[in-house]
Amino acid sequence: MTPQVGAAATTIAPIDPLSIAGVRSLTLAGSPHSAPVATALTYLDGAEGIDNALDASVLTQIDEYLGERGPFAAELPPGGLTSTSNDLPPHGLTIATDVILAAQSWFGLRIRAAVDGNPVAQWTLYTDAATDEVYTPADLIDGSDVDAITEAAGATVGTLPTLAFAADGSIVLAAGGDTETGTASIERDRARGLLNETGRRIQDAADSGEPFHAPTTAAFPHVPCSLIACVALTYDDGPSPTTTPALLDVLADEGVPATFFVVGSHVAAHPEIVARANAEGHAVENHSWSHPDLATLPAPDVARELAATDDAIRAAGVPTPTFIRAPFGSAGGAVPTTADHPLAYWSVDSFDWRDRDGGTFVPRILGKIQPGGVILMHDIYASSVSAQKRLIEALRDRGYTFVTVPQLFSGHALGAGQQYTCRGTGVSDAGPACDGR
Ligand code: NI
């Protein structure tokens, strides 16, 4: 079947992101490989699926633009991207996002890329905020209709155009970067025959006139760690009533989120401390019940150590952990087949427990840290706590953004029982390459 192409192309007016609950816009700019890149990205907190799909598609576009200059890495400034409140410059690669749908549980983005002001690509992403599933246009049309709909938009067969939904239920297609050239519209009823069940659900939402139901399950706000230099501060072996509250005070003063790998028996003794950490935006994760070398224990004992700690954390009113850190980083034996969450190792060992002196371990950390890195420290030593302000300021001066471990690894498929060192893709002889991607 050949779709009827509307005589006058309809354009989709973007929705003001500030009018939608849970939506944030973030402007990032920098000059990777001395090539100017600026992005204005719109995130929906609690919808990590579409947030990460947006980041991945932006990363692809940046890599394409940089070409032989090399792959983009979330390097520190001046090579990486940093937050900016400035308008996007007209030169280099610019990427902008428009919210094109926010109704019922459906949320849609149109992303537009231009080089030196000339449109080079545009694409659309949709999510059902109730399930966090992400859909591209190809996921909304049954296979045999894809070519017909692509031709209707004037695009090369085999590539899918931007697909947007107007408020009257018609669909609007755009083949290339230019929102005018190659734009076609297909009226509601004909479009309905081309869309699959998911596409029809989005069409129904678009012309429903109903408000958007934002996701309510945002554990942490999305941070685009593949695009900017992120670092995770992690503190093991607490909570301690003598040192952890002071650390929480420092983190609150600095506005920095961190991750606490807590010992279950300590949680049971001081649940109020982990409750405070959770309330203040930190991640509370599992460091076993009694801090044994888990690799030496039979599987049932490993399972008991981990389950009892999850139970204690939940009993403190804190969400169930999504990460484990094995005591001593010892994750062999029965751990890989028994652990029910991924394991977080570290890329920088501070040796704060040995030195007990920030003057020694802070420079060590600064000498080793890379984007996507995880720093191992302990919140049970006063000398560790008293060094944090200095460490945080030094990392911030270098251009780092602080995130929790779940935020750091967001968008990466992690396996239960597998151990991860940092956010990164490559592995070198010297260990995992923490390139932040
Ligand atoms: Ni430990």
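Strands here are DSSP runs of E with at least two residues, numbered from the N terminus. Keep in mind that this is a predicted model.

**Exercise 1. Work out which strands build the wall of the second largest pocket, and what that wall is made of.**

Solution.
- Start with the space itself: the second largest pocket holds about 310 Å³.
- Next, look around its centre. The lining has 19 residues, and Ser83, Val223, Ile228, Thr401 and Phe402 are the ones nearest the centre.
- Now assign the wall to elements. Strand S1 (23–30), strand S3 (81–83) and strand S17 (401–402) each give at least two lining residues.
- Finally, sort by class: 11 nonpolar, 7 polar and 1 charged.

**Exercise 2. Do the same for the largest pocket, and find which element gives the largest share of its lining.**

Solution.
- The volume comes out at about 620 Å³.
- Go to the centre of the largest pocket: of its 29 lining residues, Thr217, Ala219, Phe220, Thr322 and Pro406 lie nearest.
- Three elements each supply at least two lining residues: helix H1 (48–66), strand S13 (283–286) and helix H14 (405–408).
- S13 takes the prize with the largest share, 3 residues.
- By class, the lining of the largest pocket splits into 15 nonpolar, 11 polar and 3 charged residues.

**Exercise 3. Find the disulfide, give its handedness, and decide whether its two cysteines are buried or exposed.**

Solution.
- Recall what you're after: a covalent bond between the sulfur atoms of two cysteines.
- The cut-off for the sulfur pair is 2.5 Å. Cys225 and Cys230 are joined, with 2.2 Å from S to S.
- That rule gives a count of 1 disulfide.
- Check the twist: the angle about the S-S bond is -90 degrees, so the link between Cys225 and Cys230 is left-handed.
- For burial, the cut-off is under 20% relative accessible area. Cys225 has 3%, so Cys225 is buried. Cys230 has 1%, so Cys230 is buried too.

**Exercise 4. Explain why the buried residues of helix H4 line one face, and say what covers them.**

Solution.
- List the buried residues of H4 (residues 197–206): Thr198, Gly199, Ile202, Gln203, Ala205 and Ala206.
- Look down the helix axis. These buried residues of H4 fall within an arc of 160 degrees, so they line one face of the helix.
- The spacing helps you see it: an α-helix has 3.6 residues a turn, so residues three or four places apart point the same way.
- Then ask what lies against that face. The cover over the buried residues of H4 includes strand S4 (93–103), strand S5 (106–115), strand S6 (118–128), strand S7 (133–135), strand S8 (162–165) and helix H3 (188–194).

Key. Residues are numbered from 1 along each chain as its sequence is written. This is a predicted model: local features need pLDDT of at least 70, side-chain atom pairs count only at pLDDT 80 or more; totals for chains, interfaces and linings use all residues. Side-chain values use heavy atoms; hydrogens and water are left out. Buried means under 20% relative accessible area, exposed over 50%, partly exposed in between (1.4 Å probe, protein chains only). On a 1 Å grid over the protein atoms alone, a cavity is a set of points where a 1.4 Å probe fits but cannot get out, and a pocket is an open set with protein on both sides within 12 Å along at least five of seven lines; lining residues have an atom within 4 Å of a point. Grid points are joined across faces, edges and corners, and a volume is the space filled by probe spheres set on the points. Helices (H or I, at least four residues) and strands (E, at least two) are DSSP runs, numbered from the N terminus. Ala, Val, Leu, Ile, Met, Phe, Trp, Tyr, Cys and Pro count as nonpolar, Asp, Glu, Lys and Arg as charged, and the others, Gly among them, as polar. The arc is that of the directions from the helix axis to the C-beta atoms. Contact means heavy atoms within 4.5 Å.
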